[in-house]
Amino acid sequence: MAIQVILNLAVAAAILAFLYRQQARHATFTVRVFSALGLGIALGAGLQAVYGAANPILASTGQYLDIVGTGYVKLLQMIVMPLIMVSIIGAILKLKNASSLGKISVLTIGTLMLTTVVAAAIGILMAKLFGLTAVGLTSNAAEVARGAYLQGKLPDAQAISLPNMLISFLPANPFLDMTGGRKTSTIAVVIFSIFIGIAATGIAQKKPDEFASFERFIQVAHTIVMRLVTIVLRLTPYGVFALMAQVVATSSYADILNLIGFVLASYCALILMFGVHLGLVSASGLNPLRFVKKIFPVLVFAFTSRTSAGSIPMSVQTQTQRLGTPEGIANFAASFGATIGQNGCAGIYPAMLAVMIAPTVGIDPFTIGFLLPLLAIIMVGSVGVAGVGGGATFAALIVLSSLDLPVALAGLLISIEPLIDMGRTALNVSGSITAGTVTSRVLGETDLAVFNRDDDSGNDSETLAA
């Protein structure tokens with residue numbers, strides 16, 4: 001077994017060397033990420049064809065690939081909180097008045113929540129068109145166990161109310177939240193940073209020397225953090241390759257075929273909602289094709305890593321350096337978008353599940369009496385969904401329990417959960433970037449010279465990761 005694992009890792013190492021050689025030859029960031037994605041798929045498919053998804057050799061190989069893939073995700077998570085703090089504080093110090101902060105917050109959060117409702121409506125439509133229902137589905141041992149787990153988590157979901165969720169955003173212990181110790185830590189750090197920024201601007205006239213010193217400190221901290229972001233993002237192609245190889249190698253193709261209807265319906269809904277994002281970008285006066293090209297590397301990482309929160313640094317960097325969005329707006333959109341109004345996890349997924357499960361208890365899911373409460377619950381429930389793995393499950397629990405539907409049936413989809421979650425996460429990140437882009441345009445803050453710049457003709461693609 002050891003020799004086979006070594007051979008597998010030798011092939012992976014050769015691919016990593018190829019990706020490094022691409023970087024040394026100054027291939028564009030998009031090309032390198034696209035290459036990593038394709039090579040990861042090829043290696044994963046090859047490993048499964050040779051060994052089978054459940055082979056211990058594959059599991060051992062995956063543990064070493066995790067050093068690259070999961071290690072990269074952890075490095076990104078390492079810089080999320082410092083990036084949020086210095087960027088938001090710095091942005092507030094530059095704002096002329098508090099009304100600008102209010103406009104940014106209202107437009108960003110409003111866009112996220114409204115698009116989540118639209119996403120839910122699209123999910124319902126796809127469930128209808130594909131005739132999805134949980135009636136008659138059989139359960140294997142893993143799915144039964146998953147159902148029991150979800151049933152055990154039900155009290156936590158039922159205990160959540162909108163007032164409690166809003167209170168949880170407040171940073172009672174900001175140092176705990178800086179460690180990411182709570183599901184709402186990201187928003188809590190944003191709020192803490194806002195308070196620091198407002199407090200600092202309050203002494204600008206009374207104590208100008210102290211304010212100038214603090215402003216200089218934030219500028220220096222921001223420069224260092226952004227350099228740290230650049231260093232970590234340089235590893236993106238390697239992380240994407242390892243993550244994609246793991247996903248493909250361990251996926252059960254038989255399970256995917258058994259639930260192919262749900263998979264197809266989900267991805268049709270995701271693609272349609274992505275089209276809505278492009279429609280919003282186009283309505284704001286920007287070229288949607290250029291927008292897609294610029295955000296593609298971020299979506300690939302979100303797709304392979306399945307973490308909205310881990311995508312924050314890359315999202316902010318892309319918005320500021322490729323889309324021309326100011327840092328303050330970019331950070332608000334990326335941070336809030338990782339917790340509030342996730343179009344994929346909190347919109348499409350719980351809507352489709354509710355429509356599928358309702359017939360099992362004799363409810364017609366396509367009546368006004370069912371659909372209006374469903375959309376309302378989804379909009380409210382989309383507040384505070386964690387931007388890491390499991391966020392969609394938690395959102396589904398909130399919706400299903402609020403509608404008094406059997407939550408255990410959600411366990412029937414355990415076998416294809418990773419495959420669906422990849423697309424959901426990419427849509428979540430696309431939604432947050434769209435919210436930032438639209439907000440920036442509405443407020444007249446977008447740097448059109450940056451947005452219209454052809455990244456592949458210059459060095460802009462390398463500012464993300466070089």
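# Why these labels? A predicted model questioned

Visitor: Why does Phe214 count as partly exposed?

Guide: Its relative accessibility is 25%. Buried means under 20% relative accessible area, exposed over 50%, and partly exposed in between, with a 1.4 Å probe and protein chains only. The value 25% lies in between, so Phe214 is partly exposed.

Visitor: What kind of model is this, and which pLDDT limits apply?

Guide: It is a predicted model: local features need pLDDT of at least 70, side-chain atom pairs count only at pLDDT 80 or more, and totals for chains, interfaces and linings use all residues. Numbering runs from 1 along each chain as its sequence is written, and side-chain values use heavy atoms, with hydrogens and water left out.

Visitor: What makes Phe217 exposed?

Guide: Phe217 has 51% relative accessibility. That is over 50%, so the label is exposed.

Visitor: How many aromatic pairs does the structure hold?

Guide: Four. Rings of Phe, Tyr and Trp (its six-membered ring) pair if their centres lie within 6.5 Å; planes under 30 degrees apart count as stacked, over 60 as edge-to-face, the rest as tilted.

Visitor: Why is the pair of Phe34 and Phe296 called tilted?

Guide: The ring centres are 5.2 Å apart, and the planes meet at 55°. The distance is within 6.5 Å and the angle is neither under 30 nor over 60 degrees, so this is a tilted pair.

Visitor: What makes this a link between distant parts of the chain?

Guide: Phe34 is in helix 2 (residues 29-51) and Phe296 in helix 13 (residues 288-305), 262 residues apart. Helices here are DSSP runs (H or I, at least four residues), numbered from the N terminus.

Visitor: Why do Phe214 and Phe217 make a tilted pair?

Guide: Their ring centres are 6.4 Å apart, within the limit, and their planes are at 40°, so tilted fits. Both sit in helix 9 (residues 208-233), three residues apart, about one turn of the helix.

Visitor: How do you know that Lys128 sits over the ring of Phe366?

Guide: The charged end of Lys128 is 4.6 Å from the ring centre. A charge sits over a ring if NZ of Lys or CZ of Arg is within 6 Å of the ring centre and within 35 degrees of the ring normal. Arg424 lies over the face of Tyr349, at 4.2 Å from the ring centre.

Visitor: How do you know that the span of helix 12 agrees with expectation?

Guide: Helix 12 (residues 260-283) has 24 residues. The expected span is 1.5 Å times one less than the number of residues. That gives 34 Å, and the end C-alpha atoms are 34 Å apart, so the two agree. Just after helix 12, Gly285 takes a positive phi of about 95°.

Visitor: What makes Ala265 buried?

Guide: Its relative accessible area is 0%, which is under 20%, so Ala265 is buried. Ala265 is found in helix 12. Other buried residues of helix 12 include Phe262, Leu270 and Met273. Ala265 and Met126 are 139 residues apart in sequence, yet 5.6 Å apart C-alpha to C-alpha.

Visitor: What makes helix 10 mostly covered?

Guide: Of its 15 residues, 14 are buried. Its end C-alpha atoms are 21 Å apart, which agrees with the 21 Å expected.

Visitor: What makes the second largest pocket a pocket, and which residues lie nearest its centre?

Guide: On a 1 Å grid over the protein atoms alone, a pocket is an open set of points with protein on both sides within 12 Å along at least five of seven lines; lining residues have an atom within 4 Å of a point. The second largest pocket is lined by 20 residues, with Gln246, Val247, Thr250, Arg306 and Pro418 nearest its centre. Helix 3 gives the largest share, five residues.

Visitor: What is notable about the phi of Arg306?

Guide: Phi is near 60°, a positive value in a residue other than glycine. Arg306 lies in the loop between helix 13 and helix 14 (312-321). At 27% relative accessibility, Arg306 is partly exposed.

Visitor: Why is His26 called exposed?

Guide: Its 63% relative accessibility is over 50%, so exposed is the label. His26 is in the loop between helix 1 (2-24) and helix 2. Its phi is also positive, near 65°.

Terms used:
Helices (H or I, at least four residues) and strands (E, at least two) are DSSP runs, numbered from the N terminus. On a 1 Å grid over the protein atoms alone, a cavity is a set of points where a 1.4 Å probe fits but cannot get out, and a pocket is an open set with protein on both sides within 12 Å along at least five of seven lines; lining residues have an atom within 4 Å of a point.
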